[in-house]
Amino acid sequence: MKAQKNRTKNEFLYFAWRNKKLRIGIFILLFFILLAIVGPYLTPYDPWAYVGPPASGPSQKFWFGTTMFGQDVFSQFVHGLRPVFLVGAFGGGLATLIGTVIGFIAGYRGGWIDEILNTLTNVVLVIPTLALLLILAAYLGVRSFFIQAVFIGCTAWPWTARAVRAQTMSLKAREFVDLARISGMRATKIILTEIAPNMLSYLVMVFILQFGGAILNAATLDFIGLGPTRGISLGLMMQIALLWGALPLGMWWWFIPPGLTIALLVGALYITNVGLDEVFNPKLRGI
Amino acid sequence: MRGKWWVVLGIVALLASLAMGQEFPRAETLYISGAAWGPPTDWNPFITWSKANTSGTIGLIYEPLFFYDPLKDELIPWLAEYGEWKSDQLFEVKLREGLTWQDGTPLTAKDVVFTFELGKKYPAVWYSPMWDYLDSVVNVGDYHVEFSFKRTPLYQEFVNNLYNIAIVPKHIWETRTEEEITSGANENPIGSGSYKYYAHGPDRNVYIRNEDWWGKKILGLNPAPKYIVEIRFATNNLALGALLKGEIDLSNNFLPGIATLAQLGYVKTYLPEPPYMLSANTAVLFLNTTKKPMDDPAFRKALAYAINVDAIIERAFAGLVAKASPTALLPHLAKYVDEELVASLGFTYNPTKAKEILAAAGYKDLDGDGLVEAPDGSKIYLEVTCPFGWTDWMEAIRVISESAQAVGINVVHRYPDYGAWNTALVTGTFDMTLNNWASLSNTPWTVYNLLFNHPIRDIMGSGNFGRYNNPEVFALVDELAATPPWDEQGMKAICFKIQEILLTDLPMIPLWYNGLWAQYVEFTWTNFPGAYEGRPHWLPCTWAGYWQMGGLHTLCELKPAK
Amino acid sequence: MWRYLGRKFTIYVLTFFLAVTIDWVIPRFMPGNPVQTMLSRAALRAEAVEVMRGYYLKAFGLDVPIWQQYLNFWKAVFRGDLGISVYLFPKPVMKVIAEAIPYTLAILVPAILLSWLAGNKFGAFAARRKWLDSTLLPLGYFLTATPYMWLGILLAWGFGVALGWFPIAGGYSFAMTPHFSWKFVLDLLWHWFLPFASLFLVMFGGWAIGMRNMIIYELEADYAQYLESLGAPRRLIRNYAFHNALLPQITGLALQMGTIAAGAVVTETVFSYPGIGSLIVQAIQNQDYFLIQGCFLFIIIGVLLANFLVDIAYLIVDPRTRRGMLGET
């Protein structure tokens, strides 16, 4: 039994390593995580301090150039990277958690509970979340990254709930679940010990997608001026750059890095997701 | 067969409608930007607060009795041929003969009387407070209007109103209800001015020259552009791009990069050297004197010495503004500044002195965190605010908080949304905030009325946001308001007294002069104003309230580039 | 099938009810008082302020008990009377929105439909074609991972500022007033292109990737393997796979509506395009209760309508529900 488990684990790692998508995705992610961790130590400048000549392009001293006011774009960039991961992980994690719990309950319990939860899911699904986020964010005068993450988590869960519900329903019909039920196991325990482990790979993928979605959502909020009122993030950088005329002045070094990084990060997450999918589903490994 | 006819007819109709194009010829059109901050919604001269978005309503479409030239500090008779003080309590205006409305009806003294009497009838009309001292406004014949007063008028306010109240046609407005007058949109306005309303869109206003304007003959003036297209750019960066490409001719937006561009000769500005811009109003840091420790003059004084105004000018405004006189008066009113007083009491950036003042007043760092505590030992935490999106001010308050932190005062900067900021401002819940709501005017009273607005009410909507309560200075401001404009010595004496209180007590801190942002390119139109040889001297400004302070004259001086 | 439609309908009605309620509730608890904001702009003296305040409270319906305000709000929604904008006083919200809606629809509808069609075609085409798959797949992932505003900024910078081919702001040229002529129509299209293109591209990436992955799933499914072993032509198998893969893509369209609406908001903001998106951002910045409510309401109606259309499309395409319609199950 144990030997077999080890073998599947090794097999997983083997295919994981052989999967090019997974390798690329994880490499990009690790790179940016590393940058977010050590980046702030690479630059001597405070992200808001006026340290150089205004509006000058990339140079040896200022790797990403300076803003309209002579702030160092690179140090804004590396400081702005941290909240991206923070909001992504926390917001995405919360959305995954809520979605999974609702999906499990709805899928496993069925009946009127399912009916109610399903309706709730569908309603939240249809209400344009941005509009809600807009209003909620405007409601709170002072906002933080944490609050932003909570907002995103509370509105992004429906598709996850739907997907988890469907998976749970199909697993519920399997023999080992029946067996557990007959042996008198409690519902919570069945979900946690029998159903959840069988969906673990799926849940990991859901989390990755939610992670990426949260990053994009946060950037959108920041960009339209509903981001945190303190601190710096990549979305805020883009907003400030646009506000201060980086576009007509052609100060590309100001608005290219933040957007490019978000796109690369989220793209890397998606590719990782597909890679994982291929590793988990041998059929997809392809030609 | 019959069906075919319809098709042919349809095509003909389509082609016919396509032929009726509407495009403004570039050589006859002046493109401007910088006045509007929102889509145009009304052309009602009585809704003053929305006029920024249709700034031409007063000055281009409707006209006041007088214009005012801040550069020479003199009134220019406009609809009026002259105005004369017959006695201390009787003012007579003689209208020009041959004035007409844009619909051809003659403009007479009856229209003037009607306009002023609207303020008597409806308290919601912005100039209704005049009727506290106005007794009557009557016409003598078609060309004479007599203003008589029941008590000493507030001369300063009265004269100011003479060039701000737009005269409206009685025959159109007399049938309107109170609601229509005070809050109607007044679409398709009929005024007396040199331009007519032509079209509008969410991001633009279009005016067309009034070829039958009375001023052509009587004043000998002829505005050069046939069309004026006034554009609202969502962000200033778009205005800059459009200006450099020559898509707009005159921009009254704040464009931080202009200093460099002016040096390189890409754009022209009124002043050929720094700060390049004329001054438009004074940016004042209001301190909430009802809150500790800002109720302590010593603390306020320390703060004034702590703020690095030069850094604000450099960083937030890229050198486009000038440091303000500590008396808050604009340069064109310099004759009312008590220079001796400024030399002895005026504050300058001096962090060492700020620290000394703090220490002397008992503000000491007790817990060793580098920040001082109040004399009673309590921690100090203050927020300095400005609305989110007011980018230059956002940078400015960042400098202010940094400056304060540098001398050990714990001030942080915050950017609430405009609505929240505004509510905090007028209800007095803010700590400290920037404000500049006294516009360029003919009298020092305007800015002192903002700084020392009184009495103190629950909602302070038009000044003294920090609720500084000092009956002595209030009395002085009232006295100034009631001083006749010809009594320059009297005005000076009162101003000096006000300035002494301002500088010793420092209930608010005047910091810099916001600029009269104006930059132009001369691809299509030349001869824009400038402070150098061979250029006309007018304020090159299209903001609301500035058309009659040089904006329209600027148009009259323009010449086609070819 | 009626049961299916009935359920869907219940959900839509519930959503609408909830959304309208939220729409009504939230602005009333926002910080800042819009009437106050407006009055302080007016800078009137105290007596005048009181007169004006009374007038505005009445004009905005804030002078009656809260439950009645709620009822009135419902009545007003059905009458299509959304109050008067504070920020654009004295213009009715309905009129403001009516002027903005054509612009939003003009970029959104073609962008959604064309990107969906093109993305699916292209994704199906690229799947399992090694060369295309390995070069364009990363591009597709990159596109779909791009924040809408950043692609907008990039296009505006590249084609607008650097190359100067397209304008970067506004709905039509400043040298024109709206009228019907080829020149004006071309001008409209010229301003429309970049906002449309940036929405289109981001969505296109998403659909192409989605379809490509679906097709690969389908091609690995038992029925495809079976057909292949029977020697069925590759084309036929692909057609089957494509047809089956379309269903989740249709559902995906419904799921994406909210995100797409968000994308339109930021895209319009980047290009200062005079649609609902720019409007809602301005309304929020100016604390305009009524305009925010109106915009939100229209976004909800739009999303519900789009969802409904997707449902219909699903019914038409899905053989199972179609069978259900004929009463076979």
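## Two oblique helices in chain C

Helices α6(C) and α8(C) are oblique to each other. Their axes lie 7 Å apart and make an angle of about 130°, which falls outside the ranges that count as roughly parallel, roughly perpendicular or roughly antiparallel. The crossing of this pair is left-handed. The structure described here is a predicted model.

Which residues of α6(C) meet α8(C)? On the side of α6(C) they are C:L137, C:G140, C:Y141, C:L143 and C:T144. The residues that they meet in α8(C) are C:L201, C:V202, C:F204, C:G205, C:G206, C:A208, C:I209 and C:R212. Sorted by class, this contact holds 8 nonpolar, 4 polar and 1 charged residues. A general point about helices helps in reading such a list: an α-helix has 3.6 residues a turn, so residues three or four places apart point the same way.

## Chain C as a whole

Chain C contains 13 helices and 0 strands. Read from the N terminus, every element of chain C is therefore written as α. Of the 329 residues in chain C, 46% are buried. When contacts between residues at least 6 apart in sequence are considered, 72% of those in chain C join residues at least 24 apart.

## Where chain C touches chain A

The contact between these chains takes 44 residues from chain C and 40 residues from chain A. Seven stretches of chain C each supply at least two residues of its side: α1 (2–28), α6 (130–145), α7 (148–162), α8 (182–220), α10 (234–271), α11 (276–285) and α12 (289–317). The largest share comes from α10(C), with 8 residues.

By class, the side of chain C that touches chain A divides into 35 nonpolar, 8 polar and 1 charged residues. The helices α6(C) and α8(C), described above as oblique to each other, are among the contributors to this side.

## An enclosed helix in chain B

Is helix α7 of chain B, residues 236–244, largely enclosed or open? It is largely enclosed by the rest of the structure, because 8 of its 9 residues are buried. The buried residues are B:N236, B:N237, B:L238, B:A239, B:L240, B:G241, B:A242 and B:L243. They pack against β1 (29–33), β11 (250–251) and β19 (519–520) of chain B, together with α7 of chain C. Just after α7(B), B:G246 takes a positive phi of about 80°.

## The sheet of 7 strands

The strands β1, β11 and β19 of chain B, against which α7(B) packs, belong to an open sheet of 7 strands with mixed pairing. The order of this sheet is β8-β9-β10-β1-β11-β19-β12. Its edge strands are β8 (195–201) and β12 of chain B, each of which pairs on one side only.

Within this sheet, β1(B) and β11(B) pair in the parallel sense over 2 bridges. B:I32 stands opposite B:L250 in β11(B). In general, strands of a sheet pair through backbone hydrogen bonds, either parallel or antiparallel.

## The sheet of 6 strands

Chain B also has an open sheet of 6 strands, in the order β14-β18-β13-β17-β15-β16, and its pairing is mixed. The edge strands here are β14 (322–323) and β16 (411–414), each pairing on one side only. Helix α13 of chain B, residues 391–406, lies across β13, β15 (382–385), β16 and β17, and runs at about 165° to β16(B).

Strand β13 of chain B, residues 278–287, is mostly covered, with 9 of its 10 residues buried. It is joined by 8 bridges to the antiparallel strand β18 (residues 508–516) of chain B, where B:L278 stands opposite B:L516. With β17 (residues 432–435) of chain B, β13(B) pairs in the antiparallel sense over 4 bridges; the bridge partner of B:F286 in β17(B) is B:T433.

## A buried tyrosine in a loop

B:Y270 lies in the loop between β12 (268–269) and β13 of chain B. Why does B:Y270 count as buried? It has 24 C-beta neighbours inside 10 Å, and 20 or more are needed for a residue to be buried.

Leaving aside neighbours within four places in sequence, B:Y270 is in contact with B:M277, B:L278, B:A518, B:P529, B:G530, B:A531 and B:P540. One of these, B:P540, is 270 residues away from B:Y270 along the chain, yet the C-alpha atoms of the two are separated by 7.7 Å.

Definitions and conventions:
Residues are numbered from 1 along each chain as its sequence is written. Chains are lettered from A and ligands numbered from 1 in the order in which they are written. This is a predicted model: local features need pLDDT of at least 70, side-chain atom pairs count only at pLDDT 80 or more; totals for chains, interfaces and linings use all residues. A residue is buried if 20 or more other C-beta atoms lie within 10 Å of its own, exposed if 12 or fewer, and partly exposed in between; C-beta atoms are placed from the backbone. Two residues are in contact if their C-beta atoms, placed from the backbone, lie within 7 Å. Ala, Val, Leu, Ile, Met, Phe, Trp, Tyr, Cys and Pro count as nonpolar, Asp, Glu, Lys and Arg as charged, and the others, Gly among them, as polar. Two strands pair if DSSP finds at least two bridges between them. Axes are lines fitted to C-alpha atoms, for helices over the stretch in contact, and angles run from 0 to 180 degrees between N-to-C directions. Angles under 35 degrees count as roughly parallel, over 145 as roughly antiparallel, 65 to 115 as roughly perpendicular and the rest as oblique. A crossing is left-handed if the near helix is turned anticlockwise from the far one by less than a right angle, and right-handed if clockwise.
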